[in-house]
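Trainee: I've got a new structure open and could use a guided tour. Mind if I fire questions at you while we look at it together?

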Amino acid sequence: MNETRMNDDEILAAFKNTDAIRKGHFKLTSGRHSDTYIQCARVLEHPNLTMKLATEATRRISSRIDIDLVASPAVGGILFGFAVAAAIDKPFIFSERVDGKMTFRRSFEVAQGANVLIAEDVVTTGGSVVDVCELVRANGGNVVAIVSLIDRGAEPTFGAPYYPLLKLQTPSWEEAECDLCKQGIEIYSPGSRRINK
Ligand SMILES: [Zn+2]
């Protein structure tokens, strides 16, 4: 077994150790309260760890699948997608939204019939990944698989096999129903101010 393999406990530890997954009392951008906060960018601050996670993600894909190209939606998917592409030594491109429409800019191209692996950081509803899949197909490519760091559990349908490294369904609730508030535990809004250790 190759030394870069990671088991599920090691993957979860990687997120927790880098504060990409935090436990506490949080006000999410939706306004709902939760005991868990996810910020994937924190794990991606660490290039070697990101490479390790990317390598593990590619090992979960069937070896029978040939991949010509890796594509990710900007901005969140770019770092992980780049690492995934590096792990399998394939080219990498990313898509961007222009006036809300997913598109390939920067002269990025998908060769006719190319087998494309889609890589994303966090899949919540899966909307961006669905849009990249459609974009790749519209450009004549085949979406052969999707990988992500975290799947938030929406069970999206992509029309290709999906391999998340970590499945994580986190509960959230309205402030009025928040036991953590009732216990008087200090709340943090991660998007608007720094979280204290
Ligand atoms: Zn609360």
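Trainee: Let's start small: in β2, which residue is the bridge partner of K27?

Mentor: Keep in mind that this is a predicted model. Strand β1 covers residues 21–27 and strand β2 covers residues 33–38, and the two pair in the antiparallel sense over five bridges. K27 has its bridge partner in β2, and that partner is H33.

Trainee: And in the turn of that hairpin, which residue has a positive phi?

Mentor: β1 and β2 form a hairpin, with five residues between the strands. Look in that turn for a phi of about 95°, and you land on G31.

Trainee: Zooming out, in what order do the elements of the protein chain run from the N terminus on?

Mentor: The chain has six helices and eight strands to place. Reading from the N terminus, the run is α-β-β-α-α-β-α-β-β-β-α-β-β-α.

Trainee: How does the radius of gyration of the protein chain sit against the globule rule?

Mentor: The C-alpha atoms fill a box of roughly 60 × 45 × 25 Å along the principal axes. For 197 residues the globule rule gives 16 Å, and the chain comes close to that, so it is as compact as a globular protein of that length. The radius of gyration is 18 Å.

Trainee: Of the contacts with a separation of 6 or more, what share comes from residues 24 or more positions apart?

Mentor: Here you're asking about contacts between residues well separated along the protein chain, 24 or more positions apart. Among contacts with a separation of 6 or more, their share is 66%.

Trainee: Now the sheet: what is the order of its six strands?

Mentor: It's an open sheet with mixed pairing. Its edge strands, each pairing on one side only, are β5 (101–103) and β8 (162–167). Neighbouring strands are turned by 20° against each other on average, direction ignored. From one edge to the other, the order is β5-β4-β3-β6-β7-β8.

Trainee: Within it, which residue in β6 stands opposite V70?

Mentor: Strand β3 (residues 69–73) and strand β6 (residues 115–123) pair in the parallel sense, over three bridges. V70 looks across at a residue in β6, and that residue is L117.

Trainee: Which helix lies across β3, β4, β5, β6 and β7?

Mentor: Two helices are worth checking against the strands. α3 lies across β7 (142–151) and β8, and runs at about 135° to β8. The helix you want spans residues 127–138 and runs at about 165° to β6: it's α5.

Trainee: At what angle do the axes of α3 and α4 cross?

Mentor: Two packed helices are described by the angle between their axes and the distance between the axes. Helix α3 is residues 47–59, helix α4 is residues 76–88, and their axes come within 8 Å. α3 passes α4 in a right-handed crossing. The angle is roughly 65°.

Trainee: Of the residues in that contact between α3 and α4, how many are nonpolar?

Mentor: On the α3 side you have T50, M51, A54, T55, A57 and T58, and they meet L79, F80, A83, V84, A86, A87 and I88 in α4. Three of the contact residues are polar and none is charged, while the nonpolar ones number ten.

Trainee: How many of the 13 residues of α4 are buried?

Mentor: The buried ones in α4 include G77, I78, F82 and A85. What covers them includes α2 (41–44), α3, β3, β4, β6 and β7. The helix is mostly covered, and the count of buried residues is ten.

Trainee: Where's the cis peptide bond?

Mentor: Go to V75, in the loop between β3 and α4. The bond has an omega of about -5°, and it joins A74 and V75.

Trainee: Is D89 buried or exposed?

Mentor: D89 sits in the loop between α4 and β4. Its phi is near 55°, a positive value in a residue other than glycine. Only 12 or fewer C-beta neighbours are allowed for the exposed class. D89 has 6 other C-beta atoms within 10 Å, so it is exposed.

Trainee: Last one: how far apart in space are S107 and D19?

Mentor: S107 is in the loop between β5 and β6, and has a positive phi of about 65° although it is not a glycine. With 6 C-beta neighbours inside 10 Å, S107 counts as exposed. S107 and D19 are 88 residues apart in sequence, and their C-alpha to C-alpha distance is 36 Å.

Notes. Residues are numbered from 1 along each chain as its sequence is written. This is a predicted model: local features need pLDDT of at least 70, side-chain atom pairs count only at pLDDT 80 or more; totals for chains, interfaces and linings use all residues. Axes are lines fitted to C-alpha atoms, for helices over the stretch in contact, and angles run from 0 to 180 degrees between N-to-C directions. Helices (H or I, at least four residues) and strands (E, at least two) are DSSP runs, numbered from the N terminus. A crossing is left-handed if the near helix is turned anticlockwise from the far one by less than a right angle, and right-handed if clockwise. Two residues are in contact if their C-beta atoms, placed from the backbone, lie within 7 Å. Ala, Val, Leu, Ile, Met, Phe, Trp, Tyr, Cys and Pro count as nonpolar, Asp, Glu, Lys and Arg as charged, and the others, Gly among them, as polar. The radius of gyration is taken over C-alpha atoms; the globule rule is 2.2 Å times the number of residues to the power 0.38. Two strands pair if DSSP finds at least two bridges between them. A residue is buried if 20 or more other C-beta atoms lie within 10 Å of its own, exposed if 12 or fewer, and partly exposed in between; C-beta atoms are placed from the backbone.
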